[in-house]
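The following exercises concern a predicted model. Please work through each task with the sequence and the structure at hand before reading its solution.

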Amino acid sequence: MKNGEALKQLQFEMNSCSLCLESGYKITPGAIFSGVLGAKVMVIGQAPGVTEVKAKRPFNASSGRRLFKWLGLAGWDEPRFRDGQYMTAVTKCYPGKNNSGRGDRLASKEEQKLCRDYLNREIEVIAPKVIIPVGGLAIKIFYPSKLKLDEIIGTAIFHQDLRVGEIDRSADNPEMVVDSIDGGLASNGVWIVPLPHPSGASAWTNKPQNLALIEKAIALLNDLRLLLELD
Ligand code: SF4
């Protein structure tokens, strides 16, 4: 199957999926993702929120404003990024409110597992040069689980050959974790550059001492954008 057909088929399957509902989770079906074939950058969030469902686009509300502020500092403007790059999530349907009713529920491990094949297929079909996992759930797919966010944000992982079926195995033993971009390597593999969850409610993101780490992550993205001509 050609990539265009494969993406269409995949998006049709995601749009009509009810696997989590069938497993008893009260999600709001209707996968939220955006992007085109040929995208060189893929943003992977945790899960859409209620405003994303209404607008039918990822990172639509306040989290999106902060994320696009960071991406803007890395040199991408929002309309161009939304038009030319790919945005998705670990679980693609709105998981609903958490028990306290004050925030959204974190998708369970089982839901993440149910949705994982879609994410793997998105990575395979789009074949991005840079993946930006945003927030803990997405970051854990690529980084060793023992590392804290302070040890992760401001670094990047380089994969010479990112085999989708081996991502989980490589997460605890990544090929190469760096804190600067080697221009010689840059064009021959896939880079993972994580960002923290951009929600205004995120305690980590709002701590002043973490701003320098976020600035480092933005600088890594800017370096890659320039080196790999990712506009
Ligand atoms: S979150 Fe993923 S697996 Fe669950 S219903 Fe939505 S598309 Fe299907």
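**Exercise 1. The ligand site**

Determine where the ligand sits, which residues are around the ligand, and how the shell divides into nonpolar, polar and charged residues.

*Solution.*

Step 1. The ligand of this predicted model is located in the largest cavity.

Step 2. Around the ligand one finds Cys-17, Leu-19, Cys-20, Ile-27, Lys-92, Cys-93, Leu-114, Cys-115 and Tyr-118.

Step 3. Assign the shell to helices. At least two residues come from each of α2 (19-22) and α6 (109-126). The largest share, 3 residues, is supplied by α6.

Step 4. Classify the shell by residue type. There are 8 nonpolar residues, 1 charged residue and no polar residue. Lys counts as charged, whereas Cys, Leu, Ile and Tyr count as nonpolar.

**Exercise 2. The two sides of helix α1**

Identify which residues of α1 are buried and which are exposed on the other side.

*Solution.*

Step 1. Helix α1 comprises residues 3-15, 13 residues in total, and its span from first to last C-alpha is 18 Å, close to the 18 Å expected at 1.5 Å a residue.

Step 2. Apply the cut-off of under 20% relative accessible area for a buried residue. The buried residues of α1 are Ala-6, Leu-7, Leu-10, Gln-11 and Met-14.

Step 3. These residues lie on the same side of α1 because they cover an arc of only 130 degrees around the axis.

Step 4. The other side of α1 carries the exposed residues Lys-8 and Phe-12.

Step 5. Relate the pattern to helix geometry. An α-helix has 3.6 residues a turn, so residues three or four places apart point the same way.

**Exercise 3. The two sides of helix α12**

Apply the analysis to α12: which residues are buried, and which exposed residues does the face turned away from the buried side carry?

*Solution.*

Step 1. Helix α12 runs over residues 211-228; it has 18 residues and reaches 26 Å between its first and last C-alpha, close to the 26 Å expected at 1.5 Å a residue.

Step 2. Buried in α12 are Ile-214, Ala-217, Ile-218, Leu-220, Leu-221, Leu-224, Arg-225 and Leu-228.

Step 3. Their arc around the axis is only 155 degrees, which puts them on the same side of α12.

Step 4. On the face turned away from this buried side, Glu-215 and Leu-226 are exposed.

**Exercise 4. Positive phi values**

Locate Phe-59 and Ala-127, and state the phi of Phe-59 and of Ala-127.

*Solution.*

Step 1. Recall the general expectation. Most residues other than glycine have a negative phi.

Step 2. Phe-59 is not a glycine, yet its phi is positive, at about 45 degrees. Phe-59 belongs to the loop between α3 (50-55) and α4 (62-73). With a relative accessible area of 11%, Phe-59 is buried.

Step 3. Ala-127 is likewise not a glycine and has a positive phi of about 50 degrees. Ala-127 is placed in the loop between α6 and β3 (130-133).

**Exercise 5. Accessibility and separation**

Is Ala-55 buried or partly exposed, is Trp-204 buried or exposed, and what C-alpha separations apply to the pairs Ala-55 and Ile-32 and Trp-204 and Gly-189?

*Solution.*

Step 1. Ala-55, in helix α3, has a relative accessibility of 38% and therefore counts as partly exposed.

Step 2. Ala-55 and Ile-32 are 23 residues apart along the chain, and their C-alpha atoms are separated by 9.4 Å.

Step 3. Trp-204 is part of helix α11 (residues 203-206); its relative accessibility of 13% makes Trp-204 buried.

Step 4. Trp-204 and Gly-189 are 15 residues apart along the chain, with 30 Å between their C-alpha atoms.

Technical notes
Residues numbered from 1 in each chain as written. Predicted model: local features only at pLDDT ≥ 70, side-chain atom pairs only at ≥ 80, totals over all residues. Heavy atoms only, no water. Near = heavy atom within 4 Å. 1 Å grid on protein atoms, 1.4 Å probe; cavity = no way out; pocket = protein on both sides within 12 Å on 5 of 7 lines; lining within 4 Å. Sits in = over half its atoms within 2 Å of the grid points. Helix = DSSP H or I, 4+ residues; strand = E, 2+ residues; numbered from the N terminus. Expected span 1.5 Å × (residues − 1). Buried < 20%, exposed > 50% of the residue type's maximum accessible area, 1.4 Å probe, protein only. Arc of directions from axis to C-beta.
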